[in-house]
Amino acid sequence: MAGFWSGKRVLVTGHTGFKGSWLSEMLLSRGAQVAGLALPPDTRPALFDQLDLAARMDHLAGDIRDPVLVAARLREVQPEVVLHLAAQPLVRRSYRDPLETWSTNVMGTAHVLEAVRALDTPCAVVVVTTDKVYENREWEHPYRETDPLGGHDPYSASKAGTELVAASWRKAFFTAGPVRLATARAGNVIGGGDWSEDRILPDLARAFAAGRALPVRNRHAVRPWQHVLDPLAGYLLLAERLSGPDAARFEDGFNFGPEPADQRSVGDLVQEARRHWAGEWSDATDPAAPHEAGRLALSIERARLMLGWQPRWDFARAVAETVGWYRDVATGADPAARVRDQIAGFGEAE
């Protein structure tokens with residue numbers, strides 16, 4: 001909807017993270033009044049700092065596991081849209097600290113939704129989960145929104161729990177409005193400015209910038225790779241639909257992933273990345289490592305048919321934009337300018 005976001009009061013939880021920073025920048029570029037609630041950035045560097053978002057939006061550092069703080073923040077902002085991204089998002093970290101993962105991803109979401117309910121004013125809510133919410137049977141079939149939820153590792157299982165929390169609040173409290181609630185399940189997101197641990201392209205950027213070989217684990221694992229701008233555009237479109245006259249149709253779960261041909265192996269990703277930044281890699285497969293899924297694919301037909309959404313950047317473009325960002329920043333480019341250039345280039349593809 002033309003001009004939908006101009007002047008709109010939007011609360012982004014998790015705005016200090018990788019995806020939250022990109023999303024906040026997109027919203028600011030569309031003229032929204034953006035407020036945030038999140039823990040301080042936990043990486044150095046952090047895209048949140050590189051974009052100077054603390055000075056450019058209504059930033060509040062806080063923990064969604066604190067229900068009093070969450071409720072106060074919602075009362076203060078009075079959001080018309082809530083985009084809930086705050087989470088513990090790392091699989092391997094979830095093995096090290098499962099209780100933090102469950103309390104953040106499940107109870108944190110419950111606190112946000114209960115705070116929205118207390119406002120009793122019109123609000124579109126998009127709860128962001130993950131492609132890993134499905135019971136993974138390691139099959140070729142791409143997972144559809146109607147497939148069973150599950151999860152082997154604490155991260156995946158807790159995100160399936162997040163989906164159940166959202167469904168419960170929607171059915172128990174939001175059926176008659178004025179709150180409209182949907183969930184969004186994205187694939188493996190890549191993009192410049194992700195400095196997290198145990199993620200392949202941030203690890204590649206650190207290794208190649210230092211002249212080291214990249215250790216690669218699970219190089220045969222297949223993932224639905226996509227540039228961060230593609231699912232974020234889907235989240236925004238879903239929020240727009242939830243704010244429209246036919247909102248009830250869209251109160252459901254939606255997958256946002258790449259086209260089938262772009263669901264590629266980790267090894268394919270590394271080889272494509274090396275076309276844009278020369279560097280070496282080594283096989284770091286560890287049979288004793290914690291379990292991670294070997295194959296994961298998403299069906300995006302519901303988003304395509306109901307929302308009119310489809311990915312704009314294919315695998316090659318997504319990797320080129322991501323690796324180009326890291327390479328350019330490593331050699332002195334302004335990270336914020338590169339983010340804004342990519343947002344502008346992505347918008348031109350509409």
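Which residues is Y326 in contact with, leaving aside its neighbours within four places in sequence? I started my notebook there, keeping in mind that this is a predicted model.

**Entry 1: Y326 and helix 11**

I listed the contacts of Y326 and got G191, G192, G193, D194, W195, L201, P202, A205 and W277. I then looked up the C-alpha distance from Y326 to G192 and found 5.9 Å, although the two residues are 134 apart along the chain. Y326 sits in helix 11. Is Y326 buried or exposed? Its relative accessibility is 4%, and the cut-off for buried is under 20%, so Y326 counts as buried.

Next I went along the rest of helix 11, which covers residues 315-330. Y326 has company there: F315, A318, V319, E321, T322, V323, G324, W325 and V329 are also among the buried residues of helix 11. I noted that E321 and T322 are on that list along with F315 and V319.

I also checked the length of helix 11. Its 16 residues should span 22 Å at 1.5 Å a residue, and I found the end C-alpha atoms 23 Å apart, so the two agree. Just after helix 11 comes G332, with a positive phi of about 110°.

**Entry 2: R338, looking back at helix 11**

I moved on to R338, which is in helix 12, residues 335-347. I wanted to know whether this arginine is buried or exposed. Its relative accessible area is 17%, so R338 goes down as buried. What does R338 touch, not counting residues up to four places away in sequence? I wrote down G324, W325, D328 and A333. Of these, G324 and W325 are on my list of buried residues in helix 11.

**Entry 3: helix 1**

Helix 1 runs over residues 18-29, and its twelve residues reach 17 Å from first C-alpha to last. That is close to the 16 Å expected at 1.5 Å a residue. How many of the twelve residues of helix 1 are buried? I got ten, so helix 1 is largely enclosed by the rest of the structure. The buried residues are F18, K19, G20, S21, W22, L23, S24, E25, M26 and L27. I underlined K19 and E25, which are buried in helix 1 too. After helix 1 comes G31, and its phi is positive, near 85°.

**Entry 4: helix 3 against helix 5**

How do helix 3 and helix 5 pack? Helix 3 is residues 67-77 and helix 5 is residues 98-119; I found an angle of about 40° between them, with the axes 9 Å apart. That angle makes helix 3 oblique to helix 5. The crossing of the two is right-handed.

For the contact itself, I listed P67, V70, A71, L74 and R75 on the helix 3 side. On the helix 5 side I have H111, V112, A115, V116 and L119. By residue type, the contact divides into eight nonpolar, one polar and one charged. A reminder I wrote in the margin: an α-helix has 3.6 residues a turn, so residues three or four places apart point the same way.

While in helix 5 I looked up P98, which belongs to this helix. With a relative accessible area of 31%, P98 is partly exposed. Its C-alpha is separated from that of Q88 by 9.7 Å, and the two are ten residues apart along the chain.

**Entry 5: backbone oddments**

Where are the cis peptide bonds I looked up? One joins R44 and P45, with omega about 0°. P45 lies in the loop between strand 2 (33-38) and helix 2 (47-50). Another runs from G177 to P178, with omega near 5°. P178 is in the loop between helix 6 (154-173) and strand 6 (179-186).

I then checked two aspartates for phi. D52 is not a glycine, yet its phi is positive, about 55°. I placed D52 in the loop between helix 2 and strand 3 (58-61), and its relative accessible area of 44% makes it partly exposed. D198 also has a positive phi, near 55°, again in a residue other than glycine. D198 is in the loop between strand 7 (188-190) and helix 7 (200-209). At 28% relative accessible area, D198 is partly exposed.

Conventions. Residues numbered from 1 in each chain as written. Predicted model: local features only at pLDDT ≥ 70, side-chain atom pairs only at ≥ 80, totals over all residues. Heavy atoms only, no water. Axes fitted to C-alpha atoms, helices over the stretch in contact; angles between N-to-C directions. Helix = DSSP H or I, 4+ residues; strand = E, 2+ residues; numbered from the N terminus. Parallel < 35°, antiparallel > 145°, perpendicular 65-115°, else oblique. Left-handed = near helix turned anticlockwise from the far one by under 90°. Contact = heavy atoms within 4.5 Å. Nonpolar A, V, L, I, M, F, W, Y, C, P; charged D, E, K, R; others polar. Buried < 20%, exposed > 50% of the residue type's maximum accessible area, 1.4 Å probe, protein only. Expected span 1.5 Å × (residues − 1).
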